[in-house]
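User: I would like to go through this model in short questions and answers. Please keep each reply brief.
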Amino acid sequence: PVTFVNVGVGINLARIRHEPTAADSNWVVRVDSDGVTLRDFVIENPSTNRAFGRAVHVTGDDVTLDGNEIVAFDAQNNDASAFGDLSAAVFIDGAARATVSNSTIPNAAIGVLARLDPTTPGPTVTDNTVTEAWQYGIRIEGGTGAVVSGNTIAHTATTTGTGQDAGISLD
């Protein structure tokens, strides 16, 4: 996996691919620094283990993911219902003012999940395409002032009918 710490600059690369295992952390890219921008990446987690399904884990404030293809655990063909945030393609973990925009996210249990304290400034999630999400296309838990707009979310249910069937969930 790749961890960005104390970077503070924009980073453009072509492809990052990693398959987490029980010995690894559950992500392909983790961004712990504030103010990092990841643009025009293909970030891919080809795992078939639903407990290791994240592609991007964000803990730094003011992080921007823009124009990326973010491929996480294939929830459409594997049972991810018991794993929730472990199989979120993008997991915003307490980070303030994260932005996910202009990205494509196919086949994740949850396309974008933000889990924030009630007073944390929420994320901006705009102009993304999330397809075949198992549980949610976009889910925001907590935070204040989240902006969710212009997203295309298609087919947020499992083929067996056990998914949450929620395109966007704001708690």
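Analyst: One definition comes up front: a salt bridge is a side-chain nitrogen of Lys or Arg within 4 Å of a carboxyl oxygen of Asp or Glu. Note too that this is a predicted model. The side chains of Arg39 and Asp66 fit the rule, with N to O at 3.1 Å.

User: Which strands does the pair Arg39 and Asp66 link?
Analyst: The two residues sit 27 apart, in distant parts of the chain. Arg39 belongs to residues 37-39 and Asp66 to residues 64-66. The strands are β5 and β8.

User: Is Asp66 buried or exposed?
Analyst: Buried means under 20% relative accessible area. Its partner Arg39 has 32%, so Arg39 is partly exposed. Asp66 has 15%, so Asp66 counts as buried.

User: How many salt bridges does the rule give?
Analyst: Arg39 with Asp66 is one of them. Glu141 with Arg115 also meets the rule, at 2.6 Å from N to O. The count comes to 6.

User: Which strands hold Glu141 and Arg115?
Analyst: This pair also links distant parts of the chain, 26 residues apart. Glu141 has 16% relative accessibility and therefore counts as buried. Arg115 has 34%, so Arg115 is partly exposed. Glu141 lies in β16 and Arg115 in β13.

User: Which residues are linked with Glu141 in a network of salt bridges?
Analyst: Glu141 meets Arg115. Glu141 also meets Arg139, at 2.7 Å from N to O. Both Glu141 and Arg139 are buried. The residues linked with Glu141 in the network are Arg115, Arg139 and Asp171.

User: Which residues does Ser169 touch, leaving out those up to four places away in sequence?
Analyst: Ser169 lies in strand β19, residues 166-170. Ser169 has 10% relative accessibility, so Ser169 counts as buried. The residues touched are Tyr136, Ile138, Arg139 and Ile140.

User: Which element gives the largest share of the largest nonpolar core?
Analyst: That core has 30 residues, and Val56, Leu65, Ile70, Val90, Ile92, Ile105 and Val112 touch the most other members. The elements giving two or more residues are β4, β7, β10, β13 and β16. The largest share is 3 residues, and it comes from β10.

User: Which residues does Leu65 touch, again not counting those up to four places away in sequence?
Analyst: Leu65 is among the core members that touch the most others. Its contacts include Thr99, Ser101 and Ser103. The full list is Leu38, Val56, Val58, Ile70, Val90, Thr99, Val100, Ser101 and Ser103.

User: How many residues are in the second core?
Analyst: The second core is separate. Phe91, Leu113, Tyr136 and Ala166 are among its members. Tyr136 is also one of the residues that Ser169 touches. The second core has 6 residues.

User: What share of the contacts join residues at least 24 apart?
Analyst: The chain has 0 helices and 19 strands. The contacts counted are those between residues at least 6 apart in sequence. The share that joins residues at least 24 apart is 73%.

User: What percentage of the residues count as buried?
Analyst: The cut-off is again under 20% relative accessible area. The protein chain has 171 residues. The buried share is 52%.

User: What part of the exposed area do carbon and sulfur atoms supply?
Analyst: The protein chain exposes about 6,900 Å². Carbon and sulfur atoms supply 45%.

Conventions
Residues are numbered from 1 along each chain as its sequence is written. This is a predicted model: local features need pLDDT of at least 70, side-chain atom pairs count only at pLDDT 80 or more; totals for chains, interfaces and linings use all residues. Side-chain values use heavy atoms; hydrogens and water are left out. Helices (H or I, at least four residues) and strands (E, at least two) are DSSP runs, numbered from the N terminus. Buried means under 20% relative accessible area, exposed over 50%, partly exposed in between (1.4 Å probe, protein chains only). Contact means heavy atoms within 4.5 Å. Accessible areas come from the Shrake-Rupley method with a 1.4 Å probe; for residues, only the protein chains shown count as cover. A nonpolar core is a set of buried Ala, Val, Leu, Ile, Met, Phe, Trp, Tyr and Cys residues joined through side-chain atoms within 4.5 Å.
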